[in-house]
Amino acid sequence: MNLLLHTFSNIAILELCRSTDLLLDNSENEVVDIMTLPQKMRAIREALRLSRLALATEMDYSETTIYSYENGIHRVTDKLLHRFKGVTGTQYIPLTDDEVTAFKKKLYVHLTSINLSDNEKISKFLQESVRCSQWCFDTDLCNLCDLFRVKYHSANGNKEECKKILSELSKRESEFSDEHFYWYYHCLGILEHSLWRYKSALSLYIKAEACGNRLSLDLSCNNRNLFYNIAYCLGLMDYSYLSIEYLEKLKKEEVELISVSAGVFTKRLLAVNLSKLGRTERALKILNNCLDYVMKEIKDNELAVYTVYLDIGKVYQNAGNFDKALWNFDKASQYCDTNSEAFQTYMCYKATLLRTYNKNDMVTDCLDKSLPLLTKGTIWYEWLMAIKHSMELDNDASLKYMEYTAIPNLMGYGRHLVVVECFKWLSSYCEKNIKYKLALEYSRKATKIYEQLMEGDLSL
């Protein structure tokens with residue numbers, strides 16, 4: 001009988017998994033609640049179509065003993081688990097304490113790694129973590145497995161799968177330790193980050209940092225990733241001083257441990273932040289070195305070239321050099337696909353530059369080319385719609401749109417300097433139309449936001 005169980009056990013377990021939606025390698029399946037160990041033992045027995053008496057006989061236990069274990073009357077011991085797994089042929093299921101410990105060690109290697117790509121090794125481990133989170137009785141490990149899956153799917157752009165897993169995790173928050181919350185907030189931040197909601201992402205990253213500070217675990221490698229993400233959000237939200245502070249926590253040798261491209265990115269981010277603080281020469285020197293590097297060392301990566309040219313354009317824009325800013329923006333566009341997010345970002349920066357210098361015909365051309373390509377509700381759509389309505393301020397509807405729709409949306413995304421520009425456009429329009437009180441009000445709002453940015457006031 002034992003041989004027969006070994007022969008058919010894997011098929012039976014797979015049938016059980018399919019019947020209860022426990023395997024998640026199909027996107028149509030749904031995540032189910034974690035089963036308790038007694039429930040799993042009973043489910044395995046029933047999947048194998050065994051009576052309690054037949055299982056008890058094979059395991060050399062009484063039927064009453066099996067009943068007490070399956071119903072949680074007695075605690076399941078390691079000895080019983082080993083015998084149960086040997087009889088049912090379910091050795092691959094991580095149920096024992098030793099197996100939990102071993103799998104946790106493997107899990108931490110992947111969970112703390114900076115870059116997760118969809119290679120065969122990681123994909124195989126992903127499937128192991130799925131089985132583990134569904135069959136393991138250790139709640140701590142189940143939560144960590146699910147958080148690893150969020151990080152994996154986030155790294156590979158599967159936002160919907162991330163939302164699904166995080167939704168299930170949110171139901172178990174009451175069981176979380178500080179360690180769980182560290183990864184949970186970090187993963188939530190990554191998801192918000194990928195959805196361009198930088199303000200929300202930043203608050204989650206900072207919560208993760210606070211949890212990490214309370215832990216005695218070695219999170220140094222992952223903290224580099226966390227600081228990297230915090231600096232990125234702060235930079236995009238125009239908190240230049242704070243962004244630089246976090247970048248300084250990333251020493252050169254630490255950044256290079258993340259990846260060569262991360263080292264280039266860190267230098268680019270530092271340069272753009274410096275340019276916002278008026279340090280144009282130093283910023284350009286850093287970016288020109290980055291450009292030389294990406295052209296020689298990673299010349300096949302056109303997106304890397306695009307990002308450096310775009311950043312050089314931003315530096316010249318911050319310095320008030322319209323011609324060089326426009327030239328570098330247009331140069332950047334040669335290295336990205338017109339259907340990509342990169343191209344949309346380029347159009348937003350270019351349109352903002354042109355609008356600031358009142359090149360309205362060129363702005364209209366930008367809007368005509370880009371708006372039809374955009375999805376409503378994305379950051380690029382909101383940004384360009386704000387520019388569009390800023391050119392139609394003689395219309396009451398556009399005035400209301402700017403103040404009550406465009407500006408709140410852009411603030412929600414954390415694009416503060418774009419909001420400052422919006423208030424400046426509103427102020428300029430009101431001043432031309434002899435609405436001095438309103439012009440002064442908009443001007444003061446722009447100034448207040450800028451001062452809060454310089455002071456590092458995260459309440460914005």
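**Notebook: rings, helices and turns**

I began with Tyr232, which is partly exposed, with a relative accessible area of 24%. I noted at once that the model is predicted.

**Entry 1. The chain as a whole**

I looked up the secondary structure and found 24 helices and 0 strands in the chain. I then looked up burial: of the 460 residues in the chain, 54% are buried. I also examined how far contacts reach along the sequence. Of the contacts between residues at least 6 apart in sequence, 62% join residues at least 24 apart.

**Entry 2. Aromatic pairs**

How many aromatic pairs are there by the ring rule? I recorded a count of 18 aromatic pairs. One of them joins Phe176 and Phe181, with 5.1 Å from centre to centre and 75° between the planes, and this pair is edge-to-face. I checked both partners for burial. Phe176 has 10% relative accessibility and therefore counts as buried. Phe181 has 17% and counts as buried as well, because buried means under 20%.

I turned next to Tyr198 and Tyr232. Their ring centres are 6.4 Å apart and their planes stand at 65°, so I entered the pair as edge-to-face. The pair links distant parts of the chain, since Tyr198 belongs to helix α11 (residues 198-213) and Tyr232 to helix α12 (residues 220-236), 34 residues apart. Is Tyr198 buried or exposed? Tyr198 counts as buried, at 8% relative accessibility. Tyr232, at 24%, is partly exposed.

I also noted a cluster in which ring pairs link Phe176, Phe181, Tyr184 and Tyr185.

**Entry 3. Charges over rings**

I looked for charged ends placed over rings and recorded two cases. The charged end of Arg355 sits over the ring of Trp425, at 5.1 Å from the ring centre. Over the ring of Phe322 sits the charged end of Lys359, 5.2 Å from the centre of that ring.

**Entry 4. Helix α10**

I examined helix α10 (residues 178-194), which has 17 residues. From its first C-alpha to its last it reaches 24 Å, close to the 24 Å expected at 1.5 Å a residue. This helix is mostly covered, with 15 of its 17 residues buried. Just after α10, I found that Trp196 takes a positive phi of about 70°.

**Entry 5. Ser275**

I located Ser275 in helix α15 (residues 260-276). With a relative accessible area of 3%, Ser275 is buried. Which residues does Ser275 contact, leaving aside its neighbours within four places in sequence? I recorded Ala283, Val315 and Asn318. With Asn318 there is a polar contact of 2.8 Å between the two side chains.

**Entry 6. Helix α22**

I gave most attention here to helix α22 (residues 396-413). Its 18 residues should span 26 Å at 1.5 Å a residue, and its end C-alpha atoms are 25 Å apart, which agrees. Where does α22 bend? I found a bend of about 40° at Met402.

I listed the buried residues of α22: Ser398, Leu399, Tyr401, Met402, Glu403, Ala406, Ile407, Leu410, Met411 and Tyr413. Met402, the place of the bend, is thus on the buried list. For reading such a list I kept one general point in mind: an α-helix has 3.6 residues a turn, so residues three or four places apart point the same way. I then looked up what the buried residues of α22 pack against, and found α11, α21 (379-390), α23 (416-432) and α24 (436-455). Of these, α11 is the helix that holds Tyr198 from Entry 2.

I checked both ends of α22. Asn395 caps the N-terminal end, with a side-chain oxygen 2.7 Å from the backbone nitrogen of Ala397. Just after the helix, Gly414 takes a positive phi of about 85°.

**Entry 7. Positive phi in loops**

I finished with two loop residues. Asp60 is not a glycine, yet has a positive phi of about 65°. I placed Asp60 in the loop between α3 (52-59) and α4 (63-70). Asp60 is exposed, with a relative accessible area of 66%.

Asn358, likewise not a glycine, has a positive phi of about 60°. I found Asn358 in the loop between α19 (341-356) and α20 (360-370). Is Asn358 exposed or partly exposed? With a relative accessible area of 48%, Asn358 is partly exposed, because exposed means over 50%.

Key
Residues numbered from 1 in each chain as written. Predicted model: local features only at pLDDT ≥ 70, side-chain atom pairs only at ≥ 80, totals over all residues. Heavy atoms only, no water. Phe/Tyr/Trp six-rings, centres within 6.5 Å; stacked < 30°, edge-to-face > 60°. Buried < 20%, exposed > 50% of the residue type's maximum accessible area, 1.4 Å probe, protein only. Helix = DSSP H or I, 4+ residues; strand = E, 2+ residues; numbered from the N terminus. Lys NZ or Arg CZ within 6 Å of the ring centre and 35° of its normal. Polar contact = N/O pair within 3.5 Å; in protein donor to acceptor, adjacent residues only side chain to side chain. Contact = heavy atoms within 4.5 Å. Expected span 1.5 Å × (residues − 1). Bend = angle between axes of the 7 residues up to and from the residue.
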